[in-house]
Amino acid sequence: MSIICTFILVGLTIFEVQQYMSHESKADLVIDMSHRDDFVNVNLDVTFPKIPCDVLSVDVEDILGTHKTDVMGDIHKKRLDKNGKYINEETQLDKNQWRGNILERVKKEMDEGQGCRIGGFLKVYRVPGNIHVASHPYQDIVASLKSQGKKFDFTYEIHHFSLGNKKDFDYISQHFEDLEMEHPADGVKGAPELEDDGTPKFMKTLFYIVAVPSYFEKGMIKYHVYQLISNYEVTHDSKHTLGESILMFNFEFSPITENITQNHKNLVEFLISICAIIGGVYTMAGIVDSMIHKSVSIVFKSRIGKLS
């Protein structure tokens, strides 16, 4: 009996210690009209395995009238060979060359089957807008190469898309283990349909994203990121593509803010639970032992009575 009690006591104690060491996150929804952030980081990582970096542009637009094309800064475009291996990175010097030189370089890159991986982050105003990857600034080069028989394949794979500070995302994933941060665009792939002669059609991929501000609080520190609600559509209809391929992320910001706090069981509650386990196990053990003893005694007396 004492062995059974010991196993039960050890098992319940281990369970209680695990509960004490674990953290439970609690979420509250509030209306946030403070607009504490004027700018938001947009994290992007996309691979275009069949089109060179030199004719891809990352553009930003918003309802304030902002329209920036071919944004660089903390956005990096890495040239890939036909096997997806890194070659080198596009520089500002490459962009500033004479158009004829860029044309010849792109032609050589297409002959080699080069692709491109675009990654990094950029800051946008905290207002509705979009970020898109297309070839707007290089339409003359694209048109010239198409006239020479070159085919532009806008196949892509999205490795990551999120809004917020990347370091905060990393911290949250490590310390809020009971929560799972979802990035709905991650892993999405797209490939154009083909014409009868094998030429890739123009393709337009549109993401519609609602960014929910989320504050993760642990102790005295708050970590701020955006959780995304997303949907997307792909079309090859010439009425919508308008003669070019594009990957676009349309976003807007929700007025609803999610405040997430992490609750930790305090030491006093933990000690009370341990004492309750010890007292409860020994009390139940005493009751069971007494019942067994009385039952054995009754059976024994009954047998003695029969023998006599």
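How many aromatic pairs does the structure hold?

## Aromatic pairs

The model described here is a predicted one, and the structure holds 8 aromatic pairs. One of them joins Phe-207 and Tyr-232, whose rings are stacked, with 4.8 Å from centre to centre and 20° between the planes. Because Phe-207 belongs to strand β11 (residues 204-218) and Tyr-232 to strand β12 (residues 221-235), this pair ties together parts that are 25 residues apart in sequence. Phe-207 counts as buried, since its relative accessibility is 0%, whereas Tyr-232, at 39% relative accessibility, counts as partly exposed.

A further pair is formed by Phe-251 and Phe-253, and here the arrangement is edge-to-face, with the centres 5.9 Å apart and 70° between the planes. Phe-251 is buried, with a relative accessible area of 4%, and Phe-253, at 14% relative accessibility, counts as buried as well, because the limit for that class is under 20%.

## An aromatic cluster

Phe-207 and Tyr-232 also appear in a wider grouping, in which they form one aromatic cluster together with Phe-161 and Phe-249.

## Helix α3

Helix α3 covers residues 99-111, and its 13 residues should span 18 Å at 1.5 Å a residue; the C-alpha atoms at its ends are 18 Å apart, so the expected span and the model agree. Which residues of α3 are buried? They are Gly-100, Ile-102, Leu-103, Arg-105, Val-106, Glu-109 and Met-110, a list in which Arg-105 and Glu-109 stand beside residues such as Ile-102 and Leu-103.

These buried residues of α3 pack against three elements, namely β5 (75-80), α2 (92-95) and α4 (139-147). After the helix comes Gly-113, a residue whose phi is positive, near 75°.

## A nonpolar patch on the surface

On the surface, a nonpolar patch is formed by Phe-39, Ile-63, Leu-64 and Tyr-125, which together have about 440 Å² of accessible area. Among these residues, Phe-39 lies in strand β2, which runs over residues 39-48. Is Phe-39 buried or partly exposed? With a relative accessible area of 45%, Phe-39 is partly exposed, and this value is over the 30% relative accessible area that residues of a patch need.

Note on methods. Residues are numbered from 1 along each chain as its sequence is written. This is a predicted model: local features need pLDDT of at least 70, side-chain atom pairs count only at pLDDT 80 or more; totals for chains, interfaces and linings use all residues. Side-chain values use heavy atoms; hydrogens and water are left out. Patches are made of residues with over 30% relative accessible area and no salt bridge: like charges are joined within 9 Å, nonpolar side chains (Val, Leu, Ile, Met, Phe, Trp, Tyr) within 5 Å. Accessible areas come from the Shrake-Rupley method with a 1.4 Å probe; for residues, only the protein chains shown count as cover. A salt bridge is a side-chain nitrogen of Lys or Arg within 4 Å of a carboxyl oxygen of Asp or Glu. Helices (H or I, at least four residues) and strands (E, at least two) are DSSP runs, numbered from the N terminus. Buried means under 20% relative accessible area, exposed over 50%, partly exposed in between (1.4 Å probe, protein chains only). The expected span of a helix is 1.5 Å times one less than its number of residues. Contact means heavy atoms within 4.5 Å. Rings of Phe, Tyr and Trp (its six-membered ring) pair if their centres lie within 6.5 Å; planes under 30 degrees apart count as stacked, over 60 as edge-to-face and the rest as tilted.
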